[in-house]
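User: I would like to learn how to read a protein model. Could you take me through it feature by feature?

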Amino acid sequence: MTRNLLLFAILLMGGCRQPSAQPGTTPNPTPVTSTLRSVASFPVGAAINPSLLTGKPLYRQTLETEFSSITSENHLKMRQVHPEKDRYDWSGGNTIVDFANQTGKRMHGHALVWHQSVPDWVTQFKGDSLAWENLLRDHITTVVKQYKGKIASWDVVNEAFLDDGTLRPTLWLQNLGPGYMARSFQYARQADPAVKLFYNEYGQEYSAKKLAAVLAMVADFRKRNIPIDGVGLQMHTNIDHPDAQIENAIRQTAATGLLVHISELDVRVNQAKTANFSPTDALWQRQKAKYQAIATAYRTIVPPAQQHGITTWNVSDADSWIPSFCQCNDFPLPFDKDFKKKAAYDGFLTGLKP
Ligand code: GLA
């Protein structure tokens with residue numbers, strides 16, 4: 001047999017494939033590693049911090065591998081980005097925005113108008129309503145223009161309602177009246193006609209009154225042609241929160257026809273806020289189930305064209321805001337402090353998969 005004929009015979013007999021391990025089984029395929037962003041049909045994001053991004057290699061690596069969208073956790077809030085009347089500080093924001101742009105991730109800006117993280121020069125500001133209006137407009141216009149073309153979507157107004165559905169008595173409301181919200185959206189639209197504009201809020205899943213207030217605001221905006229593209233459901237939640245209420249908030253928000261963003265997801269486990277808390281396996285499993293239920297609800301309830309994505313509020317348990325907020329230890333994110341995937345990660349991944 002010539003060499004060519006021999007090769008032909010080998011090919012006919014199955015070539016050089018690995019033989020089956022056992023009769024009737026197929027060889028193991030090369031393992032394909034699924035990641036959050038590879039299984040989801042919509043963006044999966046994380047809110048991030050520039051010093052962790054530059055200081056912790058595993059943080060950056062996890063973001064690059066697992067996520068397709070980035071939110072600025074704190075560094076585009078007014079206090080950080082506009083510390084003095086005539087001075088903006090873009091350093092932290094630039095680190096985050098550049099990372100998102102350079103790694104091909106969608107960038108979501110957070111947040112232009114909020115009652116917290118307000119710089120002292122604003123809390124101490126004295127002026128008539130025109131001076132306050134100029135302050136608001138200049139801030140929104142400058143920040144949105146700075147990142148025009150680099151930030152795809154913005155939380156324009158954050159947390160303007162109380163849980164009872166009334167307007168939160170913020171310094172913005174007090175100095176500018178209830179119209180400050182609509183005007184903030186108009187200023188943002190004027191500064192960047194292409195950017196998507198969001199109203200972001202917490203608690204729509206537990207307060208029917210707050211949910212109704214947000215929906216009424218959206219309806220009012222649409223009636224008056226005030227620009228708004230989406231609504232954020234922050235979803236700082238816990239293992240006990242009923243799935244049905246979460247589904248209801250998602251369903252009613254999706255019924256607006258706007259984009260829907262689960263914008264700040266984390267799932268607390270330490271419900272009693274005890275010190276030196278260490279979750280049992282049963283609690284890890286409940287956290288896993290909650291991540292899965294939320295991702296499944298979002299994927300199946302929100303029409304694909306309205307899916308802005310799901311964003312977790314930071315990446316690993318070590319980087320979460322929850323422990324300092326509750327003065328207890330908690331473990332609310334899908335990655336543990338060493339960036340190892342938790343059961344919650346598996347639940348999240350399963351829920352994201354179409
Ligand atoms: C709210 C804000 C976020 C963040 C969290 C917790 O949800 O929207 O910017 O501050 O609180 O830190």
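Analyst: We can begin with one residue. Ser 263 is found in strand E8. This is a predicted model.

User: Is Ser 263 buried or exposed?

Analyst: Buried means under 20% relative accessible area. Ser 263 has a relative accessible area of 2%, so the residue counts as buried.

User: How far is Ser 263 from Ala 100, in sequence and in space?

Analyst: Sequence separation and distance in space are read separately. Ser 263 and Ala 100 are 163 residues apart in sequence, and their C-alpha atoms are 17 Å apart.

User: What comes after strand E8 on the way to helix H13?

Analyst: A loop joins strand E8 (259–268) to helix H13 (281–301), and Phe 277 is in that loop. Phe 277 has a relative accessible area of 15%, which is under 20%, so Phe 277 is buried. Between the C-alpha atoms of Phe 277 and Ser 117 there are 30 Å, with the two positions 160 residues apart along the chain.

User: How do I describe the protein chain as a whole?

Analyst: Count the elements, then look at the extent and the burial. The protein chain has 15 helices and 9 strands. Its C-alpha trace spans about 95 × 50 × 40 Å along the principal axes. Of the 354 residues in the protein chain, 51% are buried.

User: Which residues are around the ligand?

Analyst: Lys 77, His 110, Trp 114, Asn 158, Glu 159, Gln 234, His 236, Glu 264, Trp 313 and Trp 321 are around the ligand. By residue class, this shell divides into 3 nonpolar, 4 polar and 3 charged. The ligand takes up the space of the largest pocket.

User: How do I look for polar contacts with the ligand?

Analyst: Look for pairs of N or O atoms within 3.5 Å. In the side chain of His 110, an N or O atom is 2.5 Å from an oxygen atom of the ligand. For Glu 264, a polar side-chain atom also lies 2.5 Å from a ligand oxygen atom. The side chain of Glu 159 has an N or O atom 3.4 Å from an oxygen atom of the ligand.

User: How much of the ligand does the protein bury?

Analyst: Compare the ligand taken alone with the ligand in place. Alone, the ligand exposes 300 Å², and the protein buries 88% of that.

User: What should I look for in the backbone?

Analyst: Most residues other than glycine have a negative phi, and most peptide bonds are trans. Exceptions are worth noting. The peptide bond that joins His 110 and Ala 111 is cis, with omega about -5 degrees. Ala 111 is found in strand E3, residues 106–113. His 110 is also one of the residues around the ligand.

User: What is the sign of phi at Gln 327, and where is Gln 327 found?

Analyst: Phi of Gln 327 is near 55 degrees, a positive value in a residue other than glycine. Gln 327 is found in the loop between H14 and H15. Exposed means over 50% relative accessible area. Gln 327 is at 67%, so this residue counts as exposed.

User: What is phi at Phe 339, and is Phe 339 buried or exposed?

Analyst: Phe 339 has a phi near 65 degrees, again a positive value in a residue other than glycine. Phe 339 lies in the loop between H14 and H15. With a relative accessible area of 11%, Phe 339 is buried.

User: Where is Asp 330 found?

Analyst: Asp 330 is in the loop between helix H14 (322–326) and helix H15 (343–352). The relative accessible area of Asp 330 is 4%, under the 20% cut-off, so Asp 330 is buried. Asp 330 and Thr 253 are 77 residues apart along the chain, and their C-alpha atoms are separated by 29 Å.

Notes: Residues are numbered from 1 along each chain as its sequence is written. This is a predicted model: local features need pLDDT of at least 70, side-chain atom pairs count only at pLDDT 80 or more; totals for chains, interfaces and linings use all residues. Side-chain values use heavy atoms; hydrogens and water are left out. A residue is near a molecule or strand if one of its heavy atoms lies within 4 Å of it. A polar contact is a pair of N or O atoms within 3.5 Å; within protein, one must be able to donate a hydrogen and the other to accept it, and residues adjacent in sequence count only if both atoms are side-chain atoms. Accessible areas come from the Shrake-Rupley method with a 1.4 Å probe; for residues, only the protein chains shown count as cover. On a 1 Å grid over the protein atoms alone, a cavity is a set of points where a 1.4 Å probe fits but cannot get out, and a pocket is an open set with protein on both sides within 12 Å along at least five of seven lines; lining residues have an atom within 4 Å of a point. A molecule sits in a cavity or pocket if more than half of its atoms lie within 2 Å of its grid points. Ala, Val, Leu, Ile, Met, Phe, Trp, Tyr, Cys and Pro count as nonpolar, Asp, Glu, Lys and Arg as charged, and the others, Gly among them, as polar. Helices (H or I, at least four residues) and strands (E, at least two) are DSSP runs, numbered from the N terminus. Buried means under 20% relative accessible area, exposed over 50%, partly exposed in between (1.4 Å probe, protein chains only).
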